[in-house]
Amino acid sequence: MPGAKITAVGCYVPERILTNQDLERMVDTSDAWIVERTGIRKRHIADPSMATSDMAVEAAREALLARGMDPADVEVIIVCTVTPDMMFPSTACLVQDRLGCRHAWGFDLIAACSGFVYGLTTAAHFIRAGAYRRILVIGADTMSRIVNYRDRTTCVLFGDAAGAFLVEPTEEGEVGFIDSYNIIDGSGAPYLNMPAGGSRMPPSHETVEKGLHYVHQDGQQVFKYAVRTMYETCQLVLDRNSLRPEDIGVFLPHQANKRIITAVASRLGLPEDRVIINIDEYGNTTAATIPLAARDAMRAGKLRRGTLTLIAAVGAGYTAGVNLWRWEID
Ligand code: UT7
């Protein structure tokens, strides 16, 4: 069975910045509350002309360039997103056309904040099955399009961005993908969702007037579930691979709230300097947080060839997932 490894990372972050001070002028909030309760200081917002596929294309191009890969050689494109350009065709189709991936097929994967972990798991198993050799996994979300900037409980949390990994077979002596553990718990659906716009509640004047095309969240419920589940799923993966916390070189957690990350890391016993936190800069970019965290960890010199990397996310659904990889990029 061939192994799977991550061979390149690419990211795109819009230039425009929305600071906590900007938000203070829009809703009844304060920089102090946002920093203390979430760890977020700013988030990046896409220009009105830009949609999710545009950011996804930029991130994927950067990854292909880093690897020196011709877009025509990509075989599968998985776009993880809850903010597709439109319901159909899939964002993967739009990305395939724009990039010129003439020999690829692909699809969108809806798993909210766990999307990228599910996408990575899927890519790893496609490679291990021997079915494909070059897979683009993209996490891209334009959350600013579905956030209500009059609702202080959600609008301070989210930002826009895209990130991409290339996944390919390992070479002799490389490890790459080691393990994954993913779950869904649909009983969590009421606590984080966008109620309207689908077949249950199609768009109407009423759905627009009632604000049902925006993100709705019961923050406390999601917070409690996230801390417990991220800890339990990570611990399960550590245990079944006979790993101690100090064996983990880098922890790349989904960035939803700094307090969730530090609570999970401390329960797991992970040393602070191995935990990547960049939520202060980007906010919660949903499917893009993990590739952004990987890029920043690489830039900081913490993530390099040989680093044992634990990746974890929890999100709407509920969804949750953990991946364990040996990093194989220099
Ligand atoms: O990535 C997808 C998964 N999502 C998550 O993991 C998010 C999980 N949840 C959270 O991160 C946190 O629950 C939030 C950051 C959303 C909220 O923090 P919290 O500490 O749970 O606050 P809370 O909802 O318990 O609200 C505490 C108070 C309330 O006021 P009262 O009722 O005590 O008077 C809120 O109305 O804080 C108030 N509040 C705010 N105040 C200033 C809520 N949002 C704000 C705000 N600015 N932006």
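The exercises below concern the contact between two domains of a predicted model.

Residues are numbered from 1 along each chain as its sequence is written, and side-chain values use heavy atoms, without hydrogens and water. Local features need pLDDT of at least 70 and side-chain atom pairs count only at pLDDT 80 or more, whereas totals for chains, interfaces and linings use all residues.

**Exercise 1.** State how the protein chain is divided and how many residues each domain gives to the contact.

*Solution.* Step one: the chain consists of domain 1 (4–169) and domain 2 (177–326), with bounds taken from an automatic or database domain assignment. Step two: the C-alpha centres of the two domains lie 14 Å apart. Step three: 49 residues from domain 1 and 43 residues from domain 2 take part in the contact, which is defined by heavy atoms within 4.5 Å.

**Exercise 2.** Describe the area buried between domain 1 and domain 2.

*Solution.* Step one: buried area is the accessible area (1.4 Å probe) that two parts lose on being put together, summed over both. Step two: here the value is about 3700 Å², and carbon and sulfur atoms give 64% of this area. Step three: on the side of domain 1, C113, V117 and Y118 supply 16% of the area buried against domain 2, more than any other three residues.

**Exercise 3.** Identify the salt bridge across the interface of domain 1 and domain 2.

*Solution.* Step one: the rule requires a side-chain nitrogen of Lys or Arg within 4 Å of a carboxyl oxygen of Asp or Glu. Step two: one salt bridge is found across this interface. Step three: K42 forms a salt bridge with E281, with 3.3 Å between the closest N and O atoms.
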